[in-house]
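Welcome! Take a moment to look over the sequence and the 3D view, and then let us walk through them together.

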Amino acid sequence: MVTLKHVLQLNSLSCIGFGILFAIFPYPISAFLSNDSPAPILILLLLGIGLILHGLHLLWASLQAIPNKALIQYFSAGDFLWVLATAILIVFNIWVTTLHGISTAILVAIVVGLLGLAQIKQAVDIEKPSN
């Protein structure tokens, strides 16, 4: 059975993994996403560091006996903002313009959005009284 703890840990792993990639390989990632309007390297580096810190926060939350509902909403809001930001970048051809960059960004956004939904669902299920 998938628990809130598992979803938070998976989200944490995703954030930390992508954060490390963005922080260590900002140039290749920028080029992978767009040849004609690459993302500024500093933004990718800062995004990487932010993702690592966010991932550590998710990991900490997953270690709590019962994570605070507001904290879960915060994490899910961040996931949904990631999805929205991805859509905006793709629709307006900002920093994500190659076919493989667009495909990868959409795939990542789908996974991130599903993690956000799973967190909300698991948090709601925790609050339901057992019969």
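## A serine inside a helix

Ser 76 has its place in helix H4. This is a predicted model, and Ser 76 makes a good first stop. Is Ser 76 buried or exposed? Its relative accessibility is 1%, so Ser 76 counts as buried, the cut-off being under 20%.

What does the side chain of Ser 76 meet there? It makes a polar contact, at 3.2 Å, with the side chain of Gln 119. If neighbours within four places in sequence are left aside, Ser 76 is in contact with Gly 116, Gln 119 and Ile 120.

## The overall picture

Now let us step back to the whole chain. The protein has five helices and zero strands, and read from the N terminus its elements follow the order α-α-α-α-α. Its C-alpha atoms fill a box of roughly 60 × 25 × 25 Å along the principal axes.

The protein has 131 residues, and 34% of them count as buried. Take the contacts between residues at least 6 apart in sequence: 75% of these join residues at least 24 apart.

## Two nonpolar cores

The largest nonpolar core has ten residues: Leu 4, Leu 8, Cys 15, Leu 51, Leu 58, Ala 61, Leu 71, Ile 72, Phe 75 and Ala 123. At least two residues of this core come from each of helix H1 (4–24), helix H3 (41–62) and helix H4 (69–91). Apart from this core lies another, made of eight residues that include Ile 29, Leu 44, Ile 90 and Val 96.

Leu 71, one of the residues in the largest core, is a good one to click on. Leaving aside neighbours within four places in sequence, Leu 71 is in contact with His 57, Trp 60 and Ala 61.

## The largest pocket

How much space lies in the largest pocket? The figure is about 730 Å³. This pocket is lined by 30 residues, and those closest to its centre are Phe 22, Leu 47, Leu 51, Trp 82 and Thr 86. Leu 51 also appears in the list for the largest nonpolar core.

Two or more lining residues come from each of H1, helix H2 (26–33), H3, H4 and helix H5 (99–127). H4 gives the most, with seven residues. Sorted by class, the lining has 21 nonpolar, eight polar and one charged residues.

## Leu 59 and its distant partner in sequence

Leu 59 is found in helix H3. With a relative accessibility of 34%, Leu 59 counts as partly exposed. Beyond its neighbours within four places in sequence, Leu 59 is in contact with Gln 9 and Ser 12.

Where does Asn 93 sit with respect to Leu 59? The two are 34 residues apart along the chain, and their C-alpha atoms are separated by 33 Å.

## A loop with two positive phi values

Asn 93 lies in the loop between H4 and H5, and so does Trp 95. Most residues other than glycine have a negative phi. Asn 93, however, has a positive phi of about 50° although it is not a glycine. Trp 95, also a residue other than glycine, has a positive phi near 65°.

How accessible are these two loop residues? Asn 93 counts as partly exposed at 49% relative accessibility, and Trp 95 is partly exposed as well, with a relative accessible area of 28%.

Notes. Residues numbered from 1 in each chain as written. Predicted model: local features only at pLDDT ≥ 70, side-chain atom pairs only at ≥ 80, totals over all residues. Heavy atoms only, no water. Core = buried A, V, L, I, M, F, W, Y, C linked by side-chain atoms within 4.5 Å. Buried < 20%, exposed > 50% of the residue type's maximum accessible area, 1.4 Å probe, protein only. Helix = DSSP H or I, 4+ residues; strand = E, 2+ residues; numbered from the N terminus. Contact = heavy atoms within 4.5 Å. 1 Å grid on protein atoms, 1.4 Å probe; cavity = no way out; pocket = protein on both sides within 12 Å on 5 of 7 lines; lining within 4 Å. Points joined across faces, edges and corners; volume = space filled by probe spheres on them. Nonpolar A, V, L, I, M, F, W, Y, C, P; charged D, E, K, R; others polar. Polar contact = N/O pair within 3.5 Å; in protein donor to acceptor, adjacent residues only side chain to side chain.
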